[in-house]
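Okay, thanks everyone, I'll keep this short. Have a look at the model on the screen, and then I'll walk you through it.

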Amino acid sequence: MAKMNIVLEEADETLFWLEIIKEKMWIAKEELETMLKDANELTAIFVSSLKTVNKRINK
């Protein structure tokens, strides 16, 4: 679970930096939108996984 929390933190930080890149327009918008979508999907998967693990532990 600790490792999953680290993964979630790293995914969140990746989103943060992608937003900065978007604001600075360092990468083409089309390419960046794909990265943002992927990063958001991965973050959602990690959050869901952590919620599932927490429910199982707290039973």
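Let's start in the loop between α1, which covers 2–24, and α2, which covers 29–57, because that's where Met 25 is found. Keep in mind that this is a predicted model. What is the sign of phi at Met 25? Positive: phi is near 55°, and this is a residue other than glycine. And is Met 25 buried or exposed? Exposed, since its relative accessible area comes out at 69%, and the cut-off for that label is over 50%.

Just before that loop, let's stop at Glu 23, which lies in helix α1. Glu 23 counts as exposed too, because its relative accessibility is 65%. Now go back along the chain to Asp 12, 11 residues from Glu 23. The C-alpha atoms of Glu 23 and Asp 12 are separated by 17 Å.

Okay, zooming out. How many helices and strands does the protein chain have? There are 2 helices and 0 strands. The radius of gyration is 14 Å, while the globule rule for 59 residues gives 10 Å; the chain's value is well over that, so the chain is more spread out than a compact globule. If you want that as a box, the C-alpha atoms fill roughly 45 × 15 × 15 Å along the principal axes.

How much of the chain is buried, then? Of the 59 residues, 17% count as buried. The exposed surface of the chain is about 4900 Å², and carbon and sulfur atoms supply 59% of that. On the charge side, we've got 9 positive and 11 negative side chains, with the centres of the two sets lying 11 Å apart.

Now the contacts. Take the ones between residues at least 6 apart in sequence: 61% of those join residues at least 24 apart.

For a concrete example, go to Thr 43, over in helix α2. Thr 43 is buried, because its relative accessible area is 13% and anything under 20% gets that label. Which residues does Thr 43 touch, leaving out those up to four places away in sequence? Leu 8, Ala 11, Asp 12 and Leu 15. So Asp 12, the residue we paired with Glu 23 a minute ago, turns up again here, because it is in the list of residues that Thr 43 touches.

Glu 10 sits in helix α1, and its C-alpha is 9.2 Å from that of Thr 43, with their positions 33 residues apart along the chain. Glu 10 itself counts as partly exposed, because its relative accessibility is 45%.

Leu 8, from that Thr 43 contact list, also pairs up with Ile 45 in another distance. Ile 45 is found in helix α2, and Ile 45 and Leu 8 are 37 residues apart in sequence but 9.3 Å apart in space, C-alpha to C-alpha. Ile 45 is partly exposed, since its relative accessible area is 48%.

Last stop, the aromatics. How many aromatic pairs does the structure hold? Just the 1. The pair is Phe 16 with Trp 17: the ring centres are 5.2 Å apart and the planes sit at 80°, so we call it edge-to-face. Both residues get the partly exposed label: Phe 16 because its relative accessible area is 49%, and Trp 17 because its relative accessibility is 45%.

That's my tour, so over to you for questions.

Key
Residues numbered from 1 in each chain as written. Predicted model: local features only at pLDDT ≥ 70, side-chain atom pairs only at ≥ 80, totals over all residues. Heavy atoms only, no water. Helix = DSSP H or I, 4+ residues; strand = E, 2+ residues; numbered from the N terminus. Buried < 20%, exposed > 50% of the residue type's maximum accessible area, 1.4 Å probe, protein only. Phe/Tyr/Trp six-rings, centres within 6.5 Å; stacked < 30°, edge-to-face > 60°. Rg over C-alpha atoms; globule rule 2.2 N^0.38 Å. Contact = heavy atoms within 4.5 Å. Areas by Shrake-Rupley, 256 points an atom, 1.4 Å probe, with all protein chains shown as cover. Lys, Arg positive; Asp, Glu negative; His and termini not counted. Charge placed at Lys NZ, Arg CZ, Asp CG, Glu CD.
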